[in-house]
Amino acid sequence: MAKTSVIRKSLRLLALVPLVGIVLVLLAMLLFRFVNPPASAFMLGYRMAHPGQELRHEWVPMSDISPWMPLAVVASEDQRFPQHWGVDFVAIRQALAEYQAGEGLRGASTITQQTAKNLFLWNGRSFVRKGLEAVLALGLNGLWSKERVLEVYLNIAEFGPGIYGVEAASQAYFGRPARSLSQSQAARLAAVLPNPRVLSASSPSPYVQERVAWIRGQMAQLSGLRYLQGL
């Protein structure tokens, strides 16, 4: 009987672990709605993987970021950002339909999902991580404003090895603060986001240059700076 009681208590404690984790993440989401995150899971992972190497990161408010920068990442990564609920179910259905038609399976990750991943999770392609990413994105969309999601994303996104956030990237690649980024420079930074440890904003390859041209075209098609007004 005593052994059975110990086993039951242990199982109850184990069952509490995910619940405690959920509560802690929700509290962190609420906190980061008002307080700027000092780091992200990806930054901590970089420090652990590259001990002794410099990590460049400087937080800046949205008011100190060129308006071209949020437009560039939306044009590049998530054009339905103002409309969806953190997870773009329309894009997911389209991606699945294309896959069933014999095309490659493309990503349908939103900026909100990428923010959740960078802030709380790990890099990888497992279905478990993608599921957690989607749940967290729905939570962020419910607790934060769209502008806050963009502000956090632009401040924690990786733009190169050890370079996190638009301010550090702007200083590293263009020698200017993020508030002074031009339309072209913002597009160059957005162009490297799919693979920032391989693609370079300072020495753009022909592929990056093609992406920059495409992003600038999309920025114009989205009606320019007016597209994100009123978030």
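Here are some exercises on the predicted model above, each with a worked solution.

Before you start: residues are numbered from 1 along each chain as its sequence is written, and side-chain values use heavy atoms, with hydrogens and water left out. Since we're working with a predicted model, local features need pLDDT of at least 70 and side-chain atom pairs count only at pLDDT 80 or more, while totals for chains, interfaces and linings use all residues.

**Exercise 1: Get an overview**

Work out how many helices and strands the protein chain has, and in what order they run.

Step 1. Helices (H or I, at least four residues) and strands (E, at least two) are DSSP runs, numbered from the N terminus. The chain comes to 10 helices and 3 strands.

Step 2. Starting at the N terminus, the order is α-α-β-α-α-α-α-α-β-β-α-α-α.

Step 3. Now for burial: a residue is buried under 20% relative accessible area, exposed over 50%, and partly exposed in between (1.4 Å probe, protein chains only). Of the 231 residues in the protein chain, 42% count as buried.

Step 4. Contact means heavy atoms within 4.5 Å. Take the contacts between residues at least 6 apart in sequence: 70% of them join residues at least 24 apart.

**Exercise 2: Helix 3 and its two partners**

Find the angle at which helix 3 packs on helix 7, then do the same for helix 3 and helix 9.

Step 1. Two packed helices are described by the angle between their axes and the distance between the axes. Axes are lines fitted to C-alpha atoms, for helices over the stretch in contact, and angles run from 0 to 180 degrees between N-to-C directions.

Step 2. Helix 3 (residues 68-77) and helix 7 (residues 146-156) have axes 11 Å apart, at an angle of about 90°. That makes helix 3 roughly perpendicular to helix 7. The cut-offs are under 35 degrees for roughly parallel, over 145 for roughly antiparallel, 65 to 115 for roughly perpendicular, and oblique for the rest.

Step 3. Look at who touches whom: Met 69, Pro 70, Val 73, Val 74 and Glu 77 of helix 3 meet Leu 150, Tyr 153 and Leu 154 of helix 7. This contact has 7 nonpolar residues, no polar ones and 1 charged. Here Ala, Val, Leu, Ile, Met, Phe, Trp, Tyr, Cys and Pro count as nonpolar, Asp, Glu, Lys and Arg as charged, and the others, Gly among them, as polar.

Step 4. With helix 9, the axes of helix 3 are 8 Å apart and the angle is about 45°. That makes helix 3 oblique to helix 9.

Step 5. Helix 3 brings Trp 68, Met 69, Ala 72, Val 73, Ser 76 and Glu 77 to this contact, and helix 9 brings Gln 183, Ala 186, Ala 187, Leu 189 and Ala 190. They divide into 8 nonpolar, 2 polar and 1 charged.

**Exercise 3: Two residues of helix 9**

Decide whether Gln 185 is buried or exposed, then work out how accessible Arg 188 is.

Step 1. Gln 185 lies in helix 9. Its relative accessible area is 13%, so Gln 185 is buried.

Step 2. Leaving out residues up to four places away in sequence, Gln 185 touches Phe 174, Arg 176 and Ser 180.

Step 3. Arg 188 sits in helix 9 too. At a relative accessible area of 21%, Arg 188 is partly exposed.

Step 4. With that sequence cut-off of four places again, Arg 188 touches Phe 174, Ala 201, Ser 202, Pro 204 and Val 212. Arg 188 and Met 69 are 119 residues apart in sequence, yet 9.8 Å apart in space, C-alpha to C-alpha.

**Exercise 4: Helix 8 and its cover**

List the buried residues of helix 8 and say what covers them.

Step 1. Helix 8 (residues 166-174) is mostly covered, with 7 of its 9 residues buried.

Step 2. Those are Val 166, Glu 167, Ala 168, Ala 169, Ser 170, Tyr 173 and Phe 174.

Step 3. The cover includes strand 1 (56-57), helix 3, helix 7, strand 2 (158-160), strand 3 and helix 9.

Step 4. Just after helix 8 comes Gly 175, with a positive phi of about 65°.
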